[in-house]
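Trainee: Got a minute to go through this one with me? I'd like to start with the packing and then jump around a bit.

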Amino acid sequence: MGGTPGERLSKARLPPAYAAAVRRSVRVTLAAAAGFYLFLYGFDSAVAATYALFAAVAMAGLSHIPGTGRQRAATLLPVVPACWVLITIGTYLSVRTWSAVLGMLVVGFVLAFMAVGGPRPAGAAPGLQLMYILPSFPPYVPETLGERLVGATVGLVLLILAEAFLLPDRVPGVPYRELAARAAHHAGRCADDLASAPYTLTDTALRAARELSGGLRSSRVPEAERPAGPGVRARALAHTGLAARTLLGRLAALPPPPDGPAEARAWPEVLHAVRDTCLETASLLRGREGSGGARSRLQAVRHALAEGAEPGATPAGLRRHAAVLEVADAALAVSMAAEIAVRGRAAPAAAPRRFWYARMRAPQLWWRRLSGHAGQRSVFFQNAVRIALALAAARTIAGLDTLPHGFWMLLATLTLTRTTARETRSTVRVALTGTLLGAVVVAALLALVGTDTTVYAAALPPLMLVAFTLGPVKGVGWAQAMFTMVVALVFAQLAPATWRLAEFRLLDVVAGSAVGAVFGLLAWPKGAHDELRRSVATMLRSAAETVVATTSQLATGGARAPVATSPGHRSLQHALIMAESAYAQYRSEPKQLDTPNDTQDWQAALLSGHHTLWGADRLLVPPEPTVVPPLPQEPAAAVTRIGDRVAAGMLLVSARLDPIGDTPGTPVAVGARDFADFAAEPPGAPRRYYAAVEWLDSLMTDMERITSDHK
């Protein structure tokens, strides 16, 4: 047989989930067992052995860090010093119950709140919680701190080596940069097709555009590849994907050129520049440096088209002109965002209003992310408060009642508490059943074998292999049953044990799950469902304000001096962040039986927020520092009416999502297309009028999609 062990394992006729579970089980078992046996039987140090085993189990069995083994190893490297700090704090705060509880409250919140940093910090948080829980129980023996740190360090180092070099995983999907590169490349091909007769895209090209655009949605990207972090490169890569989706959508909707206008000669030049910029961007994302001149040429021809003469242009020509400028703006956004994603802060300066993060350092970006979610409307804040209160309550009960092996109680609270009360109850029910079955087996084994540690030492590694294979695949019931047997065999080697060890394990799990169920019921029991509706409704209300302010400013003229952002930009951006985080959690939760079926297209709602931000900036904050002149009287009146209609549609949708007070009980029609305003062609209307109408028309399309019958 040829190939690496990982390749031979993948060729076995195992389902993918089992194959991945076997690989991870082998790695965590070897790391945990090697450290445990090394210290227990080699150096006769039960303390170091305990910490070596639980460090590996915590960061590989309890944590769910996404990615391949090498990606997880890279994530675990900075975890080592964090574990030193947590073990030290837990050791010294365990002197009194009140200090241990206070530490649990603070540490529990901080570690759970780390989820704002993306999937990797969120995945590592449960394991880090255990590294504080383990030393925070009596006896108070600070003199063993050195053994604890050495044991945990060896366990983590063994785990990192196993993750990096043992049974390598297959890459779990296409990297996000490659997905964005494919979208940019296809956008370039579409722009090339639209620059010449017949000025339309084929059905094949349209289907490919929809597929590539959908492939950039976070829900369709593996966790390890999602650009969800607060850093410059992660933000820019997420921005690249969003801009690419917008560009593909605008190319697909680009109307054919009307006959007659002389300025039609400029449109192919812009589209060819879009093509070259997109192809250059795709090469950059794939690691191939280009000349860098395509974006500069696109900026030049885009400026020339925007400043071109208007006499003789028909309304149809002006509409296409506005649509081509939107395509050019989207292509520029893709190019700039991609360069920042690849080069980070070393990228050339970009427009500050859209790429505000490009020159910020990591601490500043982390602070913005943390402070932005430091409120009760953030699902990250809600989850952190819920788990911190539950852990503090469990630690209080364990300390006052002096439960044997009380950390098992906190471990049960940590692992069984979910973001919804219904899910917590169903999880606890299954977990208790599994724990009971595991305890029965353990009691029988301990009664039969007695204190013969040789049997337990021989049985532990194969049992761990089975436990860490079946647990992730079979669910929480199997995980609790198998883990009950694993911890029993571990503690039976650390000290003489009787069948009552199984009784203590069951008692602690019952107590811990009860605490988790209580706090799951009391603290935001419905999870992200209601919060998603509230946050999207808030976002739409903020978007409606931005629409009204933008159209009013277009009608009356820009500010006396150039502005950096459109009115309400910061508020709408924050509301959009809250809505996106609520949607991310909502996607991860099981469907609730006691909530009505959602018919809203939540992706359309989130995209409408981005479209509002980008369109308002594009209309009111031109690339050059010039004051925006007012529209003529009739176009000003028309754009104001259309803006009011769109804002009213947004407010109606927000009221349907989050009914309050005297909100009408029956749905009110959202569409405003029965009015002739969207097709109005007032005499003397300049290009900016048609650009505004195109923007408002796309926002009304978003509103209709949100309330359609298709998710």
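**Packing, pocket and odd spots**

Mentor: Sure, start with L247: leaving aside neighbours within four places in sequence, L247 is in contact with A187, C278, V327, A330, A331 and V334. Contact here means heavy atoms within 4.5 Å.

Trainee: Before we go on, what sort of model is this?

Mentor: It's a predicted model: local features need pLDDT of at least 70, side-chain atom pairs count only at pLDDT 80 or more, and totals for chains, interfaces and linings use all residues. Residues are numbered from 1 along each chain as its sequence is written, and side-chain values use heavy atoms, with hydrogens and water left out.

Trainee: OK, back to packing. How many residues are in the largest nonpolar core?

Mentor: The largest nonpolar core has 113 residues, and L247, L298 and Y689 have the most contacts inside it. Helix α14 (residues 315–343) gives the most to this core, with 18 residues. A nonpolar core is a set of buried Ala, Val, Leu, Ile, Met, Phe, Trp, Tyr and Cys residues joined through side-chain atoms within 4.5 Å. Buried means under 20% relative accessible area, exposed means over 50%, and partly exposed is in between, using a 1.4 Å probe and protein chains only. The helices are DSSP runs (H or I, at least four residues), numbered from the N terminus.

Trainee: And which residues does the second core include?

Mentor: That's a separate core of 87 residues, and it includes A52, L128, I160 and A492.

Trainee: Switching topic: how many disulfides are there?

Mentor: Zero, with a disulfide taken as a pair of cysteine sulfur atoms within 2.5 Å. Take C190: the nearest cysteine sulfur is that of C278, 9.2 Å away. C190 is buried, with a relative accessible area of 2%.

Trainee: What about C83, buried or exposed?

Mentor: C83 counts as buried, at 0% relative accessibility.

Trainee: Now R295. Where does it sit, and what does its side chain make a polar contact with?

Mentor: R295 lies in helix α13 (residues 293–306), and its side chain makes a polar contact with the side chain of E339 at 2.8 Å. A polar contact is a pair of N or O atoms within 3.5 Å; within protein, one must be able to donate a hydrogen and the other to accept it, and residues adjacent in sequence count only if both atoms are side-chain atoms.

Trainee: Is that arginine buried or exposed?

Mentor: Buried, because R295 has a relative accessibility of 16%. Neighbours within four places aside, R295 is in contact with T277, E280, L332, S335, M336 and E339.

Trainee: Which residues is S542 in contact with?

Mentor: Setting aside neighbours within four places in sequence, S542 is in contact with S571 and L572. A polar atom of the S542 side chain lies 3.4 Å from the backbone nitrogen of L572. S542 is found in helix α22 (residues 528–556) and is buried, with a relative accessible area of 9%.

Trainee: Let's do the second largest pocket. What's its volume?

Mentor: About 920 Å³. The lining has 33 residues, of which G249, R250, A253, H611 and R705 lie nearest the pocket's centre. A pocket is found on a 1 Å grid over the protein atoms alone: it's an open set of points where a 1.4 Å probe fits, with protein on both sides within 12 Å along at least five of seven lines, and lining residues have an atom within 4 Å of a point. Grid points are joined across faces, edges and corners, and the volume is the space filled by probe spheres set on the points.

Trainee: Which element gives the largest share of that lining?

Mentor: α11, with seven residues.

Trainee: Any unusual backbone? What joins A197 and P198?

Mentor: A cis peptide bond, with omega about 5°. P198 is in the loop between α9 (176–194) and α10, and Y199 lies in that loop too. Phi of Y199 is near 60°, a positive value in a residue other than glycine, and Y199 counts as partly exposed at 30% relative accessibility.

Trainee: And L167?

Mentor: L167 has a positive phi of about 50° although it is not a glycine. L167 lies in the loop between α8 (145–165) and α9 and is buried, at 13% relative accessible area.

Key. Helices (H or I, at least four residues) and strands (E, at least two) are DSSP runs, numbered from the N terminus.
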